[in-house]
Amino acid sequence: MDENDLSSADFPRNRGATVEQCQRMIHKSLLSPQVRFLREQLEKAGCLVGDNFIKAVKCNETGIAGGYTKGEGIVVCCNEMESQDDVDQVLKHELIHVFDDCRAANLEWTKCAHHACSEIRAGHLSGDCHLKRELLKLTSLKIRGHEQECIRRRVMKSLSANPYCYGAAKSAVESVWDVCYNDTEPYDRAP
């Protein structure tokens, strides 16, 4: 077996990937069409994503797949990654945040509506809530309206970790939902 061919069988349940496995998966993700497209769009917008921008780390908090911090870059929580698809998904989601940060000179992560908008876009454009992904997670779901409901659930979970959104998350999501859900830049339409 080639060391780059990793499957879910390589990751016992609740163990995740090692940092080394995760680094290989990140490298492979950077070659995938959607991740490459997002990086190219960032370059066109004048925002370079260098080699040290994306880091494979073991995270202390469980249930967090990764994150983006302005000025620091993207972290992928290896202990939460069980497959190449997991890493691909985290990078697509986080690169949308990077794109938003790059294109909006006035984006302030301390403003709940700004954070909500980027989470809505990242959830929608990364495919976090595609029906297939949710079925694989065995999440209870309904067919009609599933994607938007899933995105709202995930946005609220993310905003709950932002102290600036305490008590304001739901109204922030509602106030920006239509504009942000329909904003598909850098894509022509949602992938």
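Trainee: Which element gives the most residues to the largest nonpolar core?
Mentor: Keep in mind that this is a predicted model. Its largest nonpolar core has 26 residues, and those with the most contacts inside it include Ile-26, Ile-54, Val-76 and Leu-91. Elements giving two or more residues to this core are α1 (19–29), α2 (33–44), β1 (54–57), β3 (73–77), α3 (84–103) and α4 (112–126). With seven residues, the element that gives the most is α3.

Trainee: Where does this core lie with respect to domain 1 (16–103) and domain 2 (106–190)?
Mentor: A good way in is to ask who supplies the residues. Domain 1 and domain 2 both give residues to this core, so its place is between them.

Trainee: And how many residues are in the second core?
Mentor: This core is separate, and Cys-117, Cys-150, Leu-159 and Val-173 are among its members. Its size is 17 residues.

Trainee: Let's turn to one residue in α3. Is Gln-84 buried or exposed?
Mentor: Gln-84 sits in helix α3. Leaving aside neighbours within four places in sequence, Gln-84 is in contact with Met-25, Lys-28 and Ser-29. The relative accessible area of Gln-84 is 13%. Buried means under 20%, so Gln-84 counts as buried.

Trainee: Stepping back, in what order do the elements run from the N terminus on?
Mentor: Happy to lay that out. The protein has seven helices and three strands. From the N terminus on, the order is α-α-β-β-β-α-α-α-α-α.

Trainee: What percentage of the residues in the protein is buried?
Mentor: Let's begin with the outside: the protein exposes about 10900 Å², and carbon and sulfur atoms supply 52% of that area. Among contacts with a separation of 6 or more, 59% join residues 24 or more positions apart. Of the 191 residues in the protein, the buried share is 43%.

Trainee: Now for the charged side chains. How far apart in sequence are the parts tied together by Asp-183 and Arg-103?
Mentor: Side chains of opposite charge can pair when their charged atoms come close. Here the side chains of Asp-183 and Arg-103 meet in a salt bridge, at 2.4 Å from N to O. Asp-183 lies in the segment after α7 (169–181) and Arg-103 in helix α3, so the pair ties together parts separated in sequence by 80 residues.

Trainee: Which residues make up the network of salt bridges?
Mentor: Start again from Arg-103, which is partly exposed at 32% relative accessibility. Glu-185 also forms a salt bridge with Arg-103, with the closest N and O atoms 2.9 Å apart. The count for the protein comes to nine salt bridges. The residues linked in the network are Asp-100, Arg-103, Arg-121, Asp-183 and Glu-185.

Trainee: There is also a salt bridge between Asp-128 and Arg-154. What is the relative accessible area of Asp-128?
Mentor: Their side chains meet at 3.3 Å, N to O. Asp-128 is in the loop between α4 and α5 (131–136), while Arg-154 is in helix α6 (residues 146–159), 26 residues apart. Arg-154 is partly exposed, with a relative accessible area of 32%. Asp-128, by contrast, is buried, and its relative accessible area is 3%.

Trainee: What is the distance between Cys-129 and Glu-147, C-alpha to C-alpha?
Mentor: Cys-129 is in the loop between α4 and α5, and it counts as buried at 1% relative accessibility. In sequence, Cys-129 and Glu-147 are 18 residues apart. In space, C-alpha to C-alpha, the distance is 5.3 Å.

Trainee: Last, the strands. Which residue in the turn between β2 and β3 has a positive phi?
Mentor: Strand β2 (residues 66–69) and β3 pair in the antiparallel sense over four bridges. One of the partnerships joins Gly-66 to Val-76 in β3. The two strands form a hairpin with three residues between them. In that turn, the residue with a positive phi, of about 85°, is Gly-71.

Terms used: Residues numbered from 1 in each chain as written. Predicted model: local features only at pLDDT ≥ 70, side-chain atom pairs only at ≥ 80, totals over all residues. Heavy atoms only, no water. Core = buried A, V, L, I, M, F, W, Y, C linked by side-chain atoms within 4.5 Å. Buried < 20%, exposed > 50% of the residue type's maximum accessible area, 1.4 Å probe, protein only. Domains from an automatic or database assignment. Contact = heavy atoms within 4.5 Å. Areas by Shrake-Rupley, 256 points an atom, 1.4 Å probe, with all protein chains shown as cover. Salt bridge = Lys/Arg side-chain N within 4 Å of Asp/Glu carboxyl O. Pairing = 2+ DSSP bridges.
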